[in-house]
Amino acid sequence: MTARRRKNELQRRCARPVDETGARIRATWSELTAADTTTVEAAELLGVTLPNSSDGGSHLR
């Protein structure tokens with residue numbers, strides 16, 4: 001992921017209303033905090049993207 005893309009992603013995340021983010025976290029809390037939830041799965045639950053990785057994200061567990 002390029003620096004520009006990281007910056008754009010960060011700006012997009014910060015632009016979300018706080019109540020929307022809080023609602024999403026509350027709605028998925030049990031899945032987010034489950035021991036077997038990967039970082040990739042958590043990102044999907046939260047509606048954010050992760051940097052691409054050549055190993056399919058296995059280092060993001």
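Buried residues, defined as those under 20% relative accessible area with a 1.4 Å probe and protein chains only, make up 16% of the 61 residues in the protein chain. On the same scale, exposed denotes values over 50%, and partly exposed covers those in between. The structure is a predicted model, in which local features need pLDDT of at least 70 and side-chain atom pairs count only at pLDDT 80 or more, whereas totals for chains, interfaces and linings use all residues. Residues are numbered from 1 along each chain as its sequence is written, and side-chain values use heavy atoms, with hydrogens and water left out.

The protein chain exposes about 4700 Å², an accessible area obtained by the Shrake-Rupley method with a 1.4 Å probe, for which only the protein chains shown count as cover in the case of residues. Carbon and sulfur atoms supply 55% of this area. The protein chain holds three helices and zero strands, where helices (H or I, at least four residues) and strands (E, at least two) are DSSP runs numbered from the N terminus. The order of these elements along the sequence is α-α-α. Among the contacts (heavy atoms within 4.5 Å) with a separation of 6 or more, 36% are accounted for by residues 24 or more positions apart.

The axes of H2 (residues 18–32) and H3 (residues 39–46) come within 10 Å and cross at roughly 155°. H2 is therefore roughly antiparallel to H3. Axes are lines fitted to C-alpha atoms, for helices over the stretch in contact, and angles run from 0 to 180 degrees between N-to-C directions; those under 35 degrees count as roughly parallel, over 145 as roughly antiparallel, 65 to 115 as roughly perpendicular and the rest as oblique. The crossing of H2 past H3 is right-handed, that is, the near helix is turned clockwise from the far one by less than a right angle. On the H2 side, Arg24, Ile25, Thr28, Glu31 and Leu32 take part, meeting Ala42, Glu44, Leu45 and Leu46 of H3. The residues of this contact comprise five nonpolar, one polar and three charged; Ala, Val, Leu, Ile, Met, Phe, Trp, Tyr, Cys and Pro count as nonpolar, Asp, Glu, Lys and Arg as charged, and the others, Gly among them, as polar.

Two residues of H2 illustrate this contact. Thr28, located in H2, counts as buried because its relative accessibility is 10%. Leaving out residues up to four places away in sequence, Thr28 touches Leu45 and Leu46. Ile25, also placed in H2, is partly exposed, with a relative accessible area of 31%. Beyond its neighbours within four places in sequence, Ile25 is in contact with Leu32 and Leu46. The C-alpha atoms of Ile25 and Leu45 are separated by 8.3 Å, with their positions 20 residues apart along the chain.

Gly47 is found in the segment after H3 and counts as partly exposed, at 26% relative accessibility. Apart from residues up to four places away in sequence, Gly47 touches Arg12, Arg16 and Arg24. The C-alpha atoms of Gly47 and Arg24 are 8.7 Å apart, and these residues are 23 apart along the chain.

Glu9 belongs to H1 (residues 3–14) and is buried, its relative accessible area being 9%. Outside its neighbours within four places in sequence, Glu9 is in contact with Val48 and Thr49. Glu9 and Leu50 are 41 residues apart in sequence, and their C-alpha atoms are 9.2 Å apart in space.
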